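I opened the model today to go through its packing and its backbone. My notes follow in the order in which I looked things up.

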Amino acid sequence: MSDGLTPELMLAAYAAGLFPMAEGEDDPTLSWYDPDPRGVLPLDTFHVPRRLRRTVLSGRFEVCVDRDFPAVMRGCAAPAKGRESTWINSRIYALFCELHTMGFGHSVECRLNGELVGGLYGVALGGVFFGESMFSRVTDASKVALVHLVARMRLGGFILLDTQFGTEHLARFGGVEIPAATYKQQLERAVCMQPCWPNTVAPDMLEAEIRGM
């Protein structure tokens, strides 16, 4: 990168509580954000609506992780109803794909009849997952991906799911906003943990975790 921004510097920024966003798809400039309050999704009080739990457990979607990280990023960047512009430009795309290659960037993907129809991506560092973006081309696909992410995080021993900002959508699952100072205390503890991302999780363990939410 012309300004010296590397995946390693990105990880250092995340560990300090910062995250980047582009001003637009065609704008190469990245801005750094450190919101106060900070959006988080507490793992121990994560709430799954009853109807959604039935959908998750029905097996309607094939859910996997890290099968096609770049495609998930492209899905998140594509225009959608209510989101005609994107903060994911070519630099963001390239940096996160490098983080994925290094083992830090991860995606949760939902497929229907073999087609990628929804998912999410973010960065795992120690015991924290920094959620970046999600997309859905069919009803509930991104929500199912979120439930699977939380189940995997709980099984892996994560302690922090950073959502950056609080939204009404995330509040339905138990998402809250906390003071930035409190967030950074939790973050400091989380990034010092051994890596928690489980590359493989037995399906029966995932199902049991989801049923217990």
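**Entry 1: α5 and α8**

At what angle do the axes of α5 and α8 cross, and within what distance do they come? I note at the outset that this is a predicted model. I read a crossing angle of roughly 105°, with the two axes coming within 9 Å. Angles of 65 to 115 degrees count as roughly perpendicular, so I logged α5 as roughly perpendicular to α8.

I then listed the residues that make the contact. From α5 they are V147, H148, A151, R152, R154 and L155, and from α8 they are M205, L206, E209 and I210. Sorted by class, I have six nonpolar, one polar and three charged residues in this contact.

**Entry 2: the two sides of α8**

Which residues of α8 are buried? I found L206, E209 and I210. They span an arc of only 95° around the axis, so I place them on the same side of α8. For the spacing I kept in mind that an α-helix has 3.6 residues a turn, so residues three or four places apart point the same way.

On the other side of α8 I found D204 and R211 exposed. I also looked at what covers the buried residues of α8, and the cover includes α2 and α5.

Ahead of α8 I stopped at T200, in the loop between α7 (180-191) and α8. I logged T200 as exposed, because its relative accessibility is 71% and the cut-off for exposed is over 50%. I took the C-alpha separation of T200 and R152 as well: it is 9.3 Å, for residues 48 apart along the chain.

**Entry 3: nonpolar cores**

How many residues does the largest nonpolar core have? I count it at 34, and the residues with the most contacts inside it are F46, F129, L146, V147, L149, F158 and L161. I find at least two residues of this core in each of α2 (50-58), β5 (105-112), β6 (115-125), α5 and α8 (203-211). The largest share is that of α5, with nine residues.

I followed F46 further. Beyond its neighbours within four places in sequence, F46 contacts L41, L146, V147, V150, R154, F173 and M213.

I also recorded a second, separate core of 33 residues, with L5, L30, C97 and A190 among them.

**Entry 4: α1 and α4**

How do α1 and α4 pack? I have α1 (residues 7-15) and α4 (residues 90-101) at an angle of about 90°, their axes 9 Å apart. I therefore entered α1 as roughly perpendicular to α4. On the α1 side the residues that meet α4 are P7, M10, L11 and Y14, and their partners in α4 are L95, F96, E98 and L99. By class I get seven nonpolar residues, no polar ones and one charged one for this contact.

Which residues of α1 are buried? My list is P7, M10, L11, A13 and Y14. Seen down the axis of α1, they fall within an arc of 160°, so I describe them as lining one face of the helix. I find the buried residues of α1 packed against β1 (19-22), β2, α4, β6, β7 and α7.

**Entry 5: a residue in β7**

I looked up S133, which lies in strand β7. Is S133 buried or exposed? I logged S133 as buried, because its relative accessibility is 15% and the cut-off for buried is under 20%. Apart from neighbours within four places in sequence, I find S133 in contact with C76, W87, I88, G119, L120 and Y121.

**Entry 6: backbone**

Where is there a cis peptide bond? I found one joining D36 and P37, with omega about 10°. P37 lies in the loop between β2 (30-33) and β3 (38-40).

I then went through positive phi values. G17, just after α1, has a positive phi of about 100°. D66, a residue other than glycine, has a positive phi near 60°. I place D66 in the loop between β4 (62-65) and α3 (69-77), and I record it as partly exposed, with a relative accessible area of 22%.

D140, again a residue other than glycine, has a positive phi near 80°. I find D140 in the loop between β7 (128-136) and α5 (141-156). At 8% relative accessibility, I count D140 as buried.

How values were computed
Residues are numbered from 1 along each chain as its sequence is written. This is a predicted model: local features need pLDDT of at least 70, side-chain atom pairs count only at pLDDT 80 or more; totals for chains, interfaces and linings use all residues. Side-chain values use heavy atoms; hydrogens and water are left out. Helices (H or I, at least four residues) and strands (E, at least two) are DSSP runs, numbered from the N terminus. Buried means under 20% relative accessible area, exposed over 50%, partly exposed in between (1.4 Å probe, protein chains only). A nonpolar core is a set of buried Ala, Val, Leu, Ile, Met, Phe, Trp, Tyr and Cys residues joined through side-chain atoms within 4.5 Å. Contact means heavy atoms within 4.5 Å. Axes are lines fitted to C-alpha atoms, for helices over the stretch in contact, and angles run from 0 to 180 degrees between N-to-C directions. Angles under 35 degrees count as roughly parallel, over 145 as roughly antiparallel, 65 to 115 as roughly perpendicular and the rest as oblique. Ala, Val, Leu, Ile, Met, Phe, Trp, Tyr, Cys and Pro count as nonpolar, Asp, Glu, Lys and Arg as charged, and the others, Gly among them, as polar. The arc is that of the directions from the helix axis to the C-beta atoms.
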